Structure formats: C-alpha cells, structure tokens
Amino acid sequence: MAASQISLVFSTLLLFSFLSLSTSQPTSFRPKALLLQVTKDASTNQYLTHINQRTPLVPVNLVIDLGGQFLWVDCDQGYVSSSYKPARCRSAQCALASRSPTCGDCFAGPKPGCNNNTCGLFPDNTVTRTATSGEVAADIVSVQSTDGSNPGPSVTVRQFLFTCGSTFLLDGLAKGAKGMAGLGRSKIGLPSQFSAAFSFPRKFAICLSSNGVIFFGDGPYVMQPGIELSSSLTYTPLFINPVSTAGVYSQGETSVEYFIGVKSIKIDEKRVPLNANLLSINKTDGYGGTKISTVNPYTVMETSIYNAFIDVFIKEAAARNISRVASVAPFGACFSRKNVASTRLGYGVPTIELVLQNENVIWRIFGANSIVQISDDVLCLGFVDGGVNPRTSIVIGGYQLEDNLLQFDIARSRLGFSSTLLGRMTTCSNFNFTTKG
C-alpha cells in the first residue's frame with residue numbers, strides 16, 4: 001500500500017474515532033441519514049441552509065458551497081458558546097484539518113477565533129474569491145435525522161470541526177448568512193464529518209430548488225407523492241483534480257471539488273465542435289475539465305466552448321422557428337418567447353446533452369434548466385462566457401442543477417444523477433418536511 005493510501009486510511013480512522021466519541025445520542029438511536037433544508041435567495045441566487053450550533057444552540061444561516069473545504073462561520077460578531085474548543089497546535093484536530101495547518105498565537109484573545117497555541121486554516125468566500133486566516137475549532141452541531149421520507153429526531157455532534165472566519169468575509173453573501181457550509185471531499189467537510197460521527201456511508205445527495213433538500217448518508221430519497229429516486233440514478237465517475245482549486249493552498253494539495261468527465265456536448269443530437277483537450281484536466285497545472293458548483297448561479301464555459309455551444313443552439317432554435325433577440329447581460333443568447341411552447345419539462349427549446357463516459361451515459365438538460373425567463377417576451381439561454389483560459393473549462397452552475405437529484409458517493413468516487421425530476425412528476429420542493437406524529 002502506498003504511503004498516501006496509508007495516510008488516507010489513518011486519517012479516516014482518526015476522524016471516525018474522534019467524532020464517533022463526540023456524539024451525544026443514546027446508543028438506542030443511530031441515524032441512517034441526516035437532513036438539511038435548502039432555500040434560494042432571490043437577490044443573489046445563492047442556496048442557503050442552516051444548522052444549529054453552539055451552547056446554547058442557535059440557528060446559523062449558511063451559503064451552501066458544494067466544493068467548499070469545510071464549515072466556516074463568522075466568529076468576530078456574536079459568537080457566544082460555552083462549548084467552543086479551539087484546536088491546539090499539533091493536536092489530533094489539527095492533523096485532521098490539514099496535513100500542513102498554520103500554527104500560532106493570537107494576542108487579542110482569548111475569545112472564539114482568537115486563542116494562543118492554536119492551528120488555523122484559510123476560510124474562503126468562494127463567491128467573491130476572498131480568503132483570510134482563521135482559527136480551527138470544535139463546537140456542538142445539531143441537525144435533523146431522516147428516514148428518507150420525513151425528518152426524524154435531531155442528533156448532535158459534540159465536537160464538530162470548523163474554521164472561524166472574519167466579518168468582512170460575509171461581503172457578497174446572501175443577507176443573514178453567517179458563513180458557508182463546505183460539502184467538498186475534504187476530511188473535515190460536512191459529508192465526511194457526519195458519516196464518521198454516525199457510521200453511515202460517505203455519501204450525500206443534493207436536490208436544489210427554491211425549497212430543496214440535502215441528504216447525508218444513503219437513500220431512500222423520497223419526494224411526494226411517494227416517489228423514491230435513488231433506484232433510478234445514472235452513474236458517472238468523479239475525478240480528482242491533482243491541483244487544489246481553493247483560494248489558498250499548499251503545494252501538493254489536491255482539489256476537494258467534484259469533477260466529472262464530459263466527453264462531448266450535443267444539442268438536438270448535433271455535436272458541438274470544440275477542443276476536446278479543454279475537457280480534460282491537465283495533470284500538471286490542474287486547468288481544464290468540468291466541475292459542479294452551487295456557487296455559480298449559471299453554467300460557465302470557456303470562451304471557445306461557449307461560442308461554439310451558443311452557435312449550435314441558435315441554429316437549432318431557428319430550426320424550431322424560434323427567433324433570436326438582443327442579448328441581456330450576463331447571457332449571450334436570448335430569444336423571443338413567440339413560438340416557444342411550454343411543456344412539462346419547461347420551455348420547448350433544443351435539448352442539451354452532456355455526453356459522459358460513453359454515448360449511453362448522458363445528462364440531458366431541458367428547457368426548465370436551460371432557459372431563463374427575462375420578461376414576458378424575452379427568454380435567455382442560461383449559460384455564460386467564462387473567458388479565455390479559465391481555471392476550469394466548464395463549471396455546471398446552480399440553475400442547471402435545480403430539480404435534479406445528485407448523489408455524491410465520495411467513498412466510491414462516483415456521481416449519481418437523475419436528470420430533471422419534472423419528467424417523474426415531482427420536484428426538489430416536494431420533500432415532506434413535516435415530522436411524523
């Protein structure tokens with residue numbers, strides 16, 4: 001076994017031991033899955049959730065960052081908790097947080113976020129691409145369990161690791177947000193900590209909408225009226241970018257974001273001509289490839305991919321007698337609503353197909369996820385130009401994810417995806433958040 005594999009196994013066992021001993025539920029109840037409710041902020045198009053944290057417990061509103069490294073919250077203002085524990089230098093918590101955490105003193109403390117002899121990381125506002133240093137700490141976190149159909153009893157992790165951020169990091173986040181919930185594949189991301197605390201599979205599923213849901217653990221994932229979704233997922237490999245995509249990182253760190261292998265793009269069966277090299281991750285510098293993001297509101301494409309993509313879409317729209325109109329920022333292709341029918345899958349426009357590992361594995365994007373209504377008369381293609389030589393060639397954004405169930409199986413490094421749930425007569429808003437009586 002390679003040294004890196006031994007290190008990963010040791011770190012996983014350490015996380016399991018640390019968190020499983022820090023839960024406070026009776027041994028008679030061990031949840032099989034956990035649940036977070038999702039809302040969408042209309043002014044920023046950011047997806048929000050909340051957890052209960054601290055002693056006494058308070059609700060903390062957070063922006064969801066699918067590729068975020070960890071939970072970070074503002075500790076500068078209003079962080080009061082009798083159970084807050086800073087992670088001391090060279091402690092097990094520091095070893096879990098990073099293979100090379102910073103370590104030092106803070107002479108303005110002691111207080112949450114500022115203590116001597118503590119280790120630190122770099123909380124990152126991935127919306128504004130701003131990062132700073134922050135103290136690593138542990139505190140109580142409480143979330144609801146679920147059986148896949150309804151919420152269950154709340155469960156508690158007594159020493160949930162997170163990083164303290166500064167108030168200025170909240171700039172650009174939705175009103176009321178106090179930090180970001182990182183769902184990345186790091187050892188202290190929410191999925192890894194929850195699975196270690198309760199010994200369930202290291203996987204999670206997101207289902208975004210104006211009122212969506214995140215599941216931690218395995219299915220079932222049941223939406224009203226009694227539609228179970230996990231059995232109908234299509235699977236594709238998840239890839240690890242060998243170069244970190246975080247705002248601040250050390251040499252040799254890999255990315256904790258979720259990359260998939262898009263091989264080609266079709267629109268109404270017409271292949272988009274593009275440079276296939278851009279679809280692969282460059283192993284030297286980490287550029288290229290396709291990742292999934294909840295921070296980007298719309299899918300972003302490298303300029304040459306974007307131009308080829310909208311050219312084919314415009315031609316196929318014209319074949320349906322759909323007329324192009326003046327662009328509306330940030331979108332580059334807009335259309336008259338005249339002659340565009342409404343269907344069960346959204347507006348009747350050309351179907352976009354992301355071809356994955358082979359021609360039989362396709363993520364289809366219909367009008368509900370491709371078209372943004374600007375006014376009564378104008379519709380725009382909800383994809384934007386990412387410029388020349390971006391870090392990642394294609395970033396699949398939140399609008400394209402809505403009303404799709406995505407299961408991220410970290411242990412098996414694969415993504416399960418449903419394509420739109422509208423075809424199954426349900427949506428991501430249809431989870432029953434009413435607790436059984």
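A salt bridge is here a side-chain nitrogen of Lys or Arg within 4 Å of a carboxyl oxygen of Asp or Glu. In this predicted model, the side chains of K203 and D409 meet that description, with 3.6 Å from N to O; because that value falls within the cut-off of 4 Å, the pair is counted as a salt bridge.

**The two domains and their interface**

The protein is divided into domain 1, which covers residues 33-220, and domain 2, which covers residues 228-424. Their C-alpha centres are 28 Å apart, and the contact between them draws on 33 residues from domain 1 and 37 residues from domain 2. About 2,900 Å² of area is buried between domain 1 and domain 2, with carbon and sulfur atoms giving 58% of it. Of the area that domain 1 buries against domain 2, 25% is supplied by L66, R185 and R202, which is more than any other three residues supply.

Across the interface of domain 1 and domain 2 there are 2 salt bridges, and 14 residue pairs are in polar contact there, counting pairs in which both residues have pLDDT 80 or more. On the side of domain 1 that touches domain 2, β3 (58-65) and β13 (203-207) each supply at least two residues, and β13 gives the most, with 5 residues. By residue class, that side of domain 1 divides into 15 nonpolar, 10 polar and 8 charged residues.

**Strand pairing around β1 and in the sheet of four strands**

Strand β1 (residues 33-40) is antiparallel to strand β14 (residues 211-217), with which it pairs over 7 bridges, and it also pairs in the antiparallel sense with strand β10 (residues 134-146), over 2 bridges. A further 2 bridges join β1 to strand β2 (residues 47-53), again with the strands running antiparallel. β1 and β2 form a hairpin with 6 residues between them, and N45 in the turn has a positive phi of about 60°.

Elsewhere, an open sheet of 4 strands follows the order β20-β19-β27-β28 with antiparallel pairing. Its edge strands, each of which pairs on one side only, are β20 (270-271) and β28 (362-365). Strand β19 (residues 264-267) runs antiparallel to β20 and is joined to β20 by 2 bridges.

The table lists residues that stand opposite each other in these paired strands.

| Strand pair | Residue | Opposite residue |
|---|---|---|
| β1 and β14 | Q37 | V213 in β14 |
| β1 and β10 | L34 | S145 in β10 |
| β1 and β2 | K40 | Y47 in β2 |
| β19 and β20 | I267 | K270 in β20 |

**Backbone features in the loops**

Cis peptide bonds precede two prolines that lie in loops. The bond from T55 to P56 is cis, with omega near -5°, and P56 lies in the loop between β2 and β3. A cis peptide bond also joins G219 and P220, where omega is about 15°; P220 belongs to the loop between β14 and β15 (222-223).

A positive phi of about 65° is found at R90, although R90 is not a glycine. This residue is placed in the loop between β5 (85-86) and α2 (92-97).

Terms used. Residues numbered from 1 in each chain as written. Predicted model: local features only at pLDDT ≥ 70, side-chain atom pairs only at ≥ 80, totals over all residues. Heavy atoms only, no water. Domains from an automatic or database assignment. Contact = heavy atoms within 4.5 Å. Buried area = accessible area lost by both parts, 1.4 Å probe. Polar contact = N/O pair within 3.5 Å; in protein donor to acceptor, adjacent residues only side chain to side chain. Nonpolar A, V, L, I, M, F, W, Y, C, P; charged D, E, K, R; others polar. Pairing = 2+ DSSP bridges.
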